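User: Please take a close look at the inside of this protein. I would like to know about the empty spaces there and the rings and cysteines around them.

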Amino acid sequence: MSQSVGAAGKLYFVTIEVLSGNEGLDLPKFLTKIDGLLQDYSTATHVIYKFKVTGESKVIAVVQVNNVLGFERTIGGLWRFGNISVSSVPIVSYENFAQNLGVDLSLISSPPRPLPKENLYYWSFDLGYSGKTADEFLSTWKREAEFIMAARSNDAFPVELFKVVSERKVHCFLQVADPAQLDQLSFRLPLMRENGHNVKLECRAIQYLGDYCTRIFSEPL
């Protein structure tokens, strides 16, 4: 049975984007400042993940919040950096959501944390269910959760997911050696096979923010 990730605190998905109005900005140094601020804040916050979106001036993070004031201080520190955009939405672990869907507990395992460092990708799912009843949609979603949980448990597939609270939206971090595998995998997902016309799927390559900040200054081309 999976651990309840949110039991010790609430989870938030944080998006930080450096805006284009910062003319002449040294982006690597700026992102290094953001990396330095996105640290655990005493016992108030724990940064589970922080990634740079490859090729973009964007950072995405998953933060466990035990004291909202510590979280607010972190967000306030980000705004002091200048011309950036910050958004924060409450999320729950996919393991907890899968249990709510009625997925067999034997399929649900703890996520592979931390994820491997290389060949990481980020999927964002926005799910509709036009033409289906709510029960039909939830039945498909349950099969989706079973598929993902089984792949992670049986095939050691490195993947971690979070669901946005009260929204039909899922954030997914996963590792594949070949990007072509992402296409193959996406067409196997029950939500895509049974409800693909109602699914908006976006994909980005990502890298750990701390690794990016270290390597961008130290490694030759």
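Analyst: Here is a walk through the cavities, then the cysteines, then the aromatic rings. Keep in mind that this is a predicted model.

Start with the empty spaces. The structure holds two cavities of 30 Å³ or more. The largest cavity has a volume of about 80 Å³. Which residues line the largest cavity? Aromatic side chains appear in the list as Y94, W123, F125 and W141. The list goes on with L127, I148, L161, V170, L189 and L191. C172 and E144 complete the lining. Three elements give two or more residues each to this lining: strand β5 (120–127), helix α4 (134–154) and strand β7 (169–175). Now sort the lining by class. There are 11 nonpolar residues, no polar ones and one charged one. The charged residue is E144, because Glu counts as charged.

Move on to the second largest cavity. About 30 Å³ of space lies in it. Its lining consists of V14, L38, T45, V47, V63, F71, T74 and I75. Strand β2 (45–53) and helix α2 (68–79) each supply at least two of these residues. Helix α2 gives the most, with three residues. By class, this lining has six nonpolar residues, two polar and no charged. The two polar residues are T45 and T74, because Thr is among the residues that count as polar.

Next come the cysteines. C172 was met above in the lining of the largest cavity. How many disulfides are there? The count comes to zero. For C172, the nearest cysteine sulfur is that of C203, 9.4 Å away. A disulfide needs the two sulfur atoms within 2.5 Å, so C172 is in no disulfide. Is C172 buried or exposed? It has 2% relative accessibility, so it counts as buried. C213 has 8% relative accessibility, so it too counts as buried. The cut-off behind both calls is under 20%.

Now the rings. The structure holds 15 aromatic pairs. Take Y49 and F51 as one of them. Their ring centres are 5.4 Å apart and their planes meet at 20°, so this pair is stacked. Both Y49 and F51 are buried. A second pair is F162 with F173. Here the distance is 6.4 Å centre to centre, with 65° between the planes, and the pair is edge-to-face. F162 lies in strand β6 (residues 159–164) and F173 in strand β7, so the pair ties together parts that are 11 residues apart in sequence. F162 and F173 are both buried.

These two pairs also belong to a wider group. F13, Y49, F51, Y122, F162, F173 and Y208 form one aromatic cluster. Strand β7 therefore turns up twice in this account: it gives residues to the lining of the largest cavity, and it holds F173 of the edge-to-face pair.

Some rings have a charge over the face. K52 lies over the face of Y212, at 5.2 Å from the ring centre. K163 lies over the face of F97, at 5.3 Å from the ring centre.

Finish in strand β2, which helps line the second largest cavity. I48 lies in this strand. I48 has 11% relative accessibility, so it counts as buried. I48 and P158 are 110 residues apart along the chain, and their C-alpha atoms are separated by 16 Å.

Notes. Residues are numbered from 1 along each chain as its sequence is written. This is a predicted model: local features need pLDDT of at least 70, side-chain atom pairs count only at pLDDT 80 or more; totals for chains, interfaces and linings use all residues. Side-chain values use heavy atoms; hydrogens and water are left out. On a 1 Å grid over the protein atoms alone, a cavity is a set of points where a 1.4 Å probe fits but cannot get out, and a pocket is an open set with protein on both sides within 12 Å along at least five of seven lines; lining residues have an atom within 4 Å of a point. Grid points are joined across faces, edges and corners, and a volume is the space filled by probe spheres set on the points. Helices (H or I, at least four residues) and strands (E, at least two) are DSSP runs, numbered from the N terminus. Buried means under 20% relative accessible area, exposed over 50%, partly exposed in between (1.4 Å probe, protein chains only). Rings of Phe, Tyr and Trp (its six-membered ring) pair if their centres lie within 6.5 Å; planes under 30 degrees apart count as stacked, over 60 as edge-to-face and the rest as tilted. A charge sits over a ring if NZ of Lys or CZ of Arg is within 6 Å of the ring centre and within 35 degrees of the ring normal.
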